[in-house]
Amino acid sequence: MTHYSAIIVGGGQAGLSASYYLQQQDIDHIVLEKHSLTHTWRNQRWDAFCLVTPNWQCTLPGYPYAGDDPHGFMKKDQIIAYLDGFIAAVNAPVREGCAVQRLVARPEGGYALSTSLGDFTADQVIIASGGYHTPIIPRLAERLPAHITQLHSEQYRSPQALPAGNVLVVGSGQSGAQIAEDLHLAGRKVFLAVGDAPRCARFHRGRDVVDWLADMGYYDIGVDTHPLREGVRDNTNHYVTGRDGGRDIDLRRFAKEGMQLFGRLNSLQGTTLQFAADLADKLDAADAVYTRINASIDKYIAEQGIEAPPGVPYTPLWVPGQAATELDLADSDITSIIWCIGFQPDFSWVDVPVFNGRSYPGHTRGVTAQPGLYFLGLPWLHTWGSGRFSGIARDAEYVVEQLVAVHADKACQ
Ligand SMILES: Cc1cc2nc3c(=O)[nH]c(=O)nc-3n(C[C@H](O)[C@H](O)[C@H](O)COP(=O)(O)OP(=O)(O)OC[C@H]3O[C@@H](n4cnc5c(N)ncnc54)[C@H](O)[C@@H]3O)c2cc1C
């Protein structure tokens, strides 16, 4: 069979969530997945990876987290076990190893998909291919000495898997900060180029900050009502960790303990890396967000008259004096560089005119202007949880509702 009422591209949590709702509506469909189901969680996370979001936020449709540690943070093998349970429960119709190479609208209506396993057609298509496609690596990487091992964050596995010697981590977002910590805890000498990412506390006033923000309704704010509107999609994730039951990540503490911090990586001259003199500003900006989030929780507690233990104001543990802006690779014995500066989305295979000037698909809650074409699972597609475990059920249900309405209209014609 090559024609379906609906085709879902991508078999991650987003694609499977869409299948869950399509099955409930009895809509014939198939999920096309180029690797294997939930491939990214299995193959693109480091060994010590654990969730940053608490387990109770794992609310995949029909399969909410049911373990005994709702306020804990699942480790990689536990996440995979959770996803295995979800895959079995959804029992989606799937073609694995099927890469969609081109998607076009057909003149007679519906869509044609060219794939590595042949051609398919569908009345409607849900693109759930994730938001993290092409690892970003700056072009200066091409000029680095050949003996230096270079990895993107999605390829990093463990300190032991790197050659002996020191490590430069570039980028301090969620992945960079956690990978730098992983190496630091293993006793490796780490150099860290600090970027723009903000940070937040793990716990404040006796509870996980995520719990407070959930009560405050933050996770229900849609892009349409968020103060930044669609600009919120450009925000970098806050760094914090769920490791060992959850704690803050404070780069100043790492610096006190021997990690060497730099500002933004700018250039490479010979074997010398050059950094912006903005480390103090970056650390201050991250702390300002941390303090602001805690203050918003304090305000909520006061307004609601909630009894909660007092908060502990943050005092910087370390300040960069005259921060170094140059690092010679040979002198510093750096043998590995880990690029943690994110990903670029790649929808080049989608040959349908729905993209804006920045190659981002135009949509409202995943519904594009092209009839019968939907996106799902993108960060902040609708809410903070859209690209995470917590919000995908709501988004998938909504997108499938729209798809079902179109399907019903077509049936009446
Ligand atoms: C390092 C990291 C840490 C994260 N931590 C958390 C966390 O703590 N809590 C949380 O809730 N979320 C977290 N997330 C966010 C989110 O939950 C994951 O990104 C999740 O994998 C998103 O699921 P998805 O189904 O939307 O996309 P993906 O998991 O990316 O799945 C998309 C699937 O589509 C397939 N595909 C892509 N293109 C094609 C094509 N052309 N044809 C066929 N198949 C295709 C891919 O192979 C893939 O399997 C994290 C993300 C990252 C990167």
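Here are some exercises with worked solutions on the structure above, which is a predicted model.

**Exercise 1. Check the length of helix α4, then work out how covered α4 is and what covers it.**

Step 1. Start with the count: α4 runs over residues 174-185, which is 12 residues.

Step 2. Take 1.5 Å a residue, with the expected span being 1.5 Å times one less than the number of residues. That puts the expected span of α4 at 16 Å.

Step 3. Now look at the model: the end C-alpha atoms of α4 are 16 Å apart, so expectation and model agree.

Step 4. On to burial, where the cut-off is under 20% relative accessible area. By that test 9 of the 12 residues of α4 are buried, so call the helix mostly covered.

Step 5. Pick them out along the helix: the buried ones are Gly176, Ala177, Gln178, Ile179, Ala180, Glu181, Asp182, Leu183 and His184.

Step 6. Who does the covering? Among the elements over these buried residues are two strands, β11 (166-170) and β12 (190-193). Helix α6 (251-256) and strand β19 (334-339) are included as well.

Step 7. Step just past the end of the helix, and you meet Gly187 with a positive phi of about 85°.

**Exercise 2. Lay out the open sheet that has β11 and β19 in it, and find its edges.**

Step 1. Write the order of the 5 strands: β10-β19-β11-β12-β15, with parallel pairing.

Step 2. Find the strands that pair on one side only: these edge strands are β10 (149-152) and β15 (260-262).

Step 3. Check the twist: ignoring direction, neighbouring strands here are turned by 20° against each other on average.

Step 4. Zoom in on one pair. β11 and β19 run parallel and share 5 bridges. To get your bearings, use Val170, whose bridge partner in β19 is Trp339.

**Exercise 3. Do the same for the open sheet of 3 strands, and look at its hairpin.**

Step 1. The order here is β16-β17-β18, and the pairing is antiparallel.

Step 2. β16 and β18 (326-328) are the edge strands, each pairing on one side only.

Step 3. For the twist, neighbouring strands of this sheet are turned by 20° against each other on average, direction ignored.

Step 4. Take the pairs in turn. β16 (residues 265-269) and β17 (residues 272-275) are joined by 4 antiparallel bridges, and Gln269 has Thr272 as its bridge partner in β17. β17 and β18 are also antiparallel, over 3 bridges, with Gln274 bridged to Glu326 in β18.

Step 5. Finish at the hairpin of β16 and β17: there are 2 residues between the strands, and Gly270 takes a positive phi near 65°.

**Exercise 4. How many disulfides does the structure hold, and where do Cys200 and Cys340 stand?**

Step 1. The count is 0 disulfides.

Step 2. Try Cys200: its nearest cysteine sulfur belongs to Cys50 and is 14 Å away, and Cys200 is in no disulfide.

Step 3. Try Cys340: the closest cysteine sulfur is again in Cys50, 16 Å off, so a bond is out of reach.

Step 4. Add accessibility. Cys200 counts as buried because its relative accessibility is 12%, and Cys340 counts as buried because its value is 9%.

**Exercise 5. Describe the surroundings of His29, buried or exposed, and find its polar contacts.**

Step 1. Place the residue: His29 sits in strand β2 (residues 29-33).

Step 2. With a relative accessible area of 7%, His29 is buried.

Step 3. Look for polar contacts of the side chain. One, of 2.8 Å, goes to the side chain of Ser19; the backbone oxygen of Ile27 is also reached at 2.8 Å.

Step 4. Set aside neighbours within four places in sequence, and the contacts of His29 are Tyr4, Ala6, Ile8, Ser19, Leu22, Gln23 and Pro93.

**Exercise 6. Examine the positive phi values of Asp333 and Arg365.**

Step 1. Recall the background: most residues other than glycine have a negative phi.

Step 2. Asp333 goes the other way, with phi near 55°. Asp333 lies in the loop between β18 and β19 and is partly exposed, at 42% relative accessible area.

Step 3. Arg365 has a positive phi too, near 50°. Its loop runs between β20 (343-344) and β21 (373-375), and at 23% relative accessible area Arg365 is partly exposed.

Methods. Residues numbered from 1 in each chain as written. Predicted model: local features only at pLDDT ≥ 70, side-chain atom pairs only at ≥ 80, totals over all residues. Heavy atoms only, no water. Buried < 20%, exposed > 50% of the residue type's maximum accessible area, 1.4 Å probe, protein only. Contact = heavy atoms within 4.5 Å. Pairing = 2+ DSSP bridges. Axes fitted to C-alpha atoms, helices over the stretch in contact; angles between N-to-C directions. Disulfide = S-S within 2.5 Å. Polar contact = N/O pair within 3.5 Å; in protein donor to acceptor, adjacent residues only side chain to side chain.
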